[in-house]
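Welcome! Open the viewer, get your selection tool ready, and follow along stop by stop.

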Protein chains: 2
Amino acid sequence: MPPLKKYLFTPGPVSVPPEVLLEMARPLIHHRTPEFGAVLDSARARMQPLFGTRQEVLLLSSSGTGAMEAAVTNLLAPGDHAIYVNGGKFGERWGKLLKANGMIGHAVISEWGRPVRPAQVAEALTAHPEARAVFVQASETSTCAIHPVGEIGAITRGRDVMLVVDGITSVGVFEQKMDEWGVDAYLTGSQKALMLPPGLAMIALSDRALARASQSRAPRYYFDLTRELKSQRDEHTTAWTPAVSLIFGLNKTLELIHAEGLPQVYARHQLMAEATRAAAAPLGLTLIAPDAPAPGVTGLLTPDGLDGSKLVRLMRDELGVGVQGGQDQMKGRLVRIGHMGYLGAFDMLAAVSALEIGLQRLGHRFTIGAGVAAVQERIARSG
Amino acid sequence: MPPLKKYLFTPGPVSVPPEVLLEMARPLIHHRTPEFGAVLDSARARMQPLFGTRQEVLLLSSSGTGAMEAAVTNLLAPGDHAIYVNGGKFGERWGKLLKANGMIGHAVISEWGRPVRPAQVAEALTAHPEARAVFVQASETSTCAIHPVGEIGAITRGRDVMLVVDGITSVGVFEQKMDEWGVDAYLTGSQKALMLPPGLAMIALSDRALARASQSRAPRYYFDLTRELKSQRDEHTTAWTPAVSLIFGLNKTLELIHAEGLPQVYARHQLMAEATRAAAAPLGLTLIAPDAPAPGVTGLLTPDGLDGSKLVRLMRDELGVGVQGGQDQMKGRLVRIGHMGYLGAFDMLAAVSALEIGLQRLGHRFTIGAGVAAVQERIARSG
């Protein structure tokens, strides 16, 4: 029998607060009504501080990958050159998106788990002066590392080069400063720090990005951001039928986030991440991203000879604790514990406890309880 | 004060059954798990009879417009020619989608409210022998008319021409025979007869459409159907993070639909449509689509001199009854009453009652109660 109580620590999808689940279960309304317009306006305005922007935030009914493609096809034309930071599976996705849409992408490679060095981006721009945009993740979910977006912005903002940031596991997790950093397109998805089911994405554009989008020649229709801006800003509705219940949910979840207070929300993620990281050494595990660990998800390399995929399955199927393994080159070698969603610091005790039990059952040797004790110690030291 | 009880008779979004709302409020699970895979497989299999197909049904996290674009970009390449039936706002959208994606669309015009004549399609194919596809709506939501898909299929199936059908207000409403009719791509959305919130679309492809999709040169990534087929059929998950809760909801709603029985579901829509149409004459109103009225939504032309937009607002704001007005050239001249979603025949009494009260308040002269009596009479005659 699988355990009754399930715990979800995957870095998306995440647990949704019960009051948000109920909000989304409200009777549907039509999306061309003043009532819907008020909810849409509210949700869009409440998103702005999470991006650190005064620009309009647009909602798209898609996953985050849809918003990534929207950034590509609205800011570039076929044949355009662009730089993208490839330091993991999602960085690599920029390259695939560019290629699929007829653009020429030049990769700046950073080792999995390491942040890109801003100088690498500057060098790439010198090597490819025709590049019209730089694409990067604020937090690379596959490697649990963050990239220095602010420093990259200092390089791109003085040039006619757009900076496009995937904030899927960073917006709402830790402080983002879109306007201050000079980011031109900042996007995220619903199923991470926004504590919602997947199916909704958000994107904010700078003035120069909006100007370029209005002139883009790339083929697109569903993800036409100029059209969405007109609908959402001027008509208080969306261009296409939107995921109405998710937008209800977003407005509610943002109400909860702002009631908690953004500094408190960010501190909560930071505490969960630090508490989880504190368990690594006592369990004889290594962090995949020691230099620039992401506050939204912690990645622990599994011991040599221990099958990480088996560990993740055991934790899920026998213990009811959902964590995620590694992707691509990290398959079977990584355990990722998410800190996003309807979670508090005390939940990390459960996550690390289950991790310990899983490791023990698979033969890894360590002092049982040492990880949990480290988590508890870190929580006790907070506020 | 607005009324407490709201009634939703818009042709999408629609009312969602309470048990489906609760299903969607279930705790989230990760989409790369056997548990999710089982739900996905079940929902996809349960969709097949609604399309009338034995082909694989793919789910997309987008609105129906996203699935329309997926059909265009997976079956055609830039520069390709295609025929599209333009008999309303959604027919027109095919033309916009083709243009936005660099294809050359040739419109077959049918008057708003009238079905296209199959001979028109045959003539267009003769005039444009280079056309590689025909795009049509099974039910044109904006005009409440149906097009003869089976007869068009008889024209296209013997040629190297794909037939693409928008079934957004027809799949689950009345019987569709994708395989028998020779349809190559059949798509629909969640927020109509499937009784769900918007945010999920479904598309089924014939073998020859799958073959062509696998070779398509059109730019696309989020809507790459070859990739989705591989993920959904072979890996029991989706290529991108899917709208998990909507897929839970879809599986549940399809359980309810099959428990009711497809013939009964189709008869229910038909009865609602016939009962609503029966009210037209007693109220001195004309049907916009008398020859081929859609079973999913009934369109009534408003009397000369009476502002249809005002009528719709009055019904919604003062009576709590949501119906929809006309779009584009029908703005202010049409009232559309939907028969899709969690509705039964008796709900049409409420819809027509509110319509009568709205018409009366705006000065239209007729015998109050005559429409409701006609609805009641039609319901009483059924089974």
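Start in chain B by selecting strand 3 (residues 81–86) and strand 4: the two run parallel and are joined by six bridges. Strands here are DSSP runs of E with at least two residues, helices are runs of H or I with at least four, and both are numbered from the N terminus. Two strands count as paired if DSSP finds at least two bridges between them. Now pick Ala82(B), and you will find Gly105(B) of strand 4 of chain B opposite.

A word on what you are viewing: this is a predicted model, in which local features need pLDDT of at least 70 and side-chain atom pairs count only at pLDDT 80 or more, while totals for chains, interfaces and linings use all residues. Residues are numbered from 1 along each chain as its sequence is written, and chains are lettered from A and ligands numbered from 1 in the order in which they are written.

**The sheet in chain B**

Widen the selection to the seven strands of the open sheet, whose order is 2-10-9-8-5-3-4 with mixed pairing. At the edges sit strand 2 (57–60) and strand 4 (104–109) of chain B, each paired on one side only. On average, neighbouring strands of this sheet are turned by 20° against each other, direction ignored.

Next, add helix 4 (residues 89–100) of chain B, which lies across strand 3, strand 4, strand 5 (131–137) and strand 8 (162–166) and runs at about 160° to strand 3 of chain B. Angles run from 0 to 180 degrees between N-to-C directions, with axes fitted to C-alpha atoms, for helices over the stretch in contact.

**Where the chains meet**

Show both chains: the contact takes 46 residues from chain B and 45 residues from chain A. Being in contact means that C-beta atoms, placed from the backbone, lie within 7 Å. Which helix gives the largest share of the side of chain B that touches chain A? Helix 3 of chain B does, with four residues.

**A helix pair in chain A**

Finally, select helix 13 (residues 347–361) and helix 14 (residues 370–381) of chain A, whose axes come within 8 Å and cross at roughly 165°. These two helices of chain A are therefore roughly antiparallel, a label for angles over 145 degrees. To see the contact, highlight residues including Met348(A) and Leu349(A) on helix 13 of chain A, and Gly371(A) and Val372(A) on helix 14 of chain A.

Definitions and conventions
Angles under 35 degrees count as roughly parallel, over 145 as roughly antiparallel, 65 to 115 as roughly perpendicular and the rest as oblique. Two residues are in contact if their C-beta atoms, placed from the backbone, lie within 7 Å.
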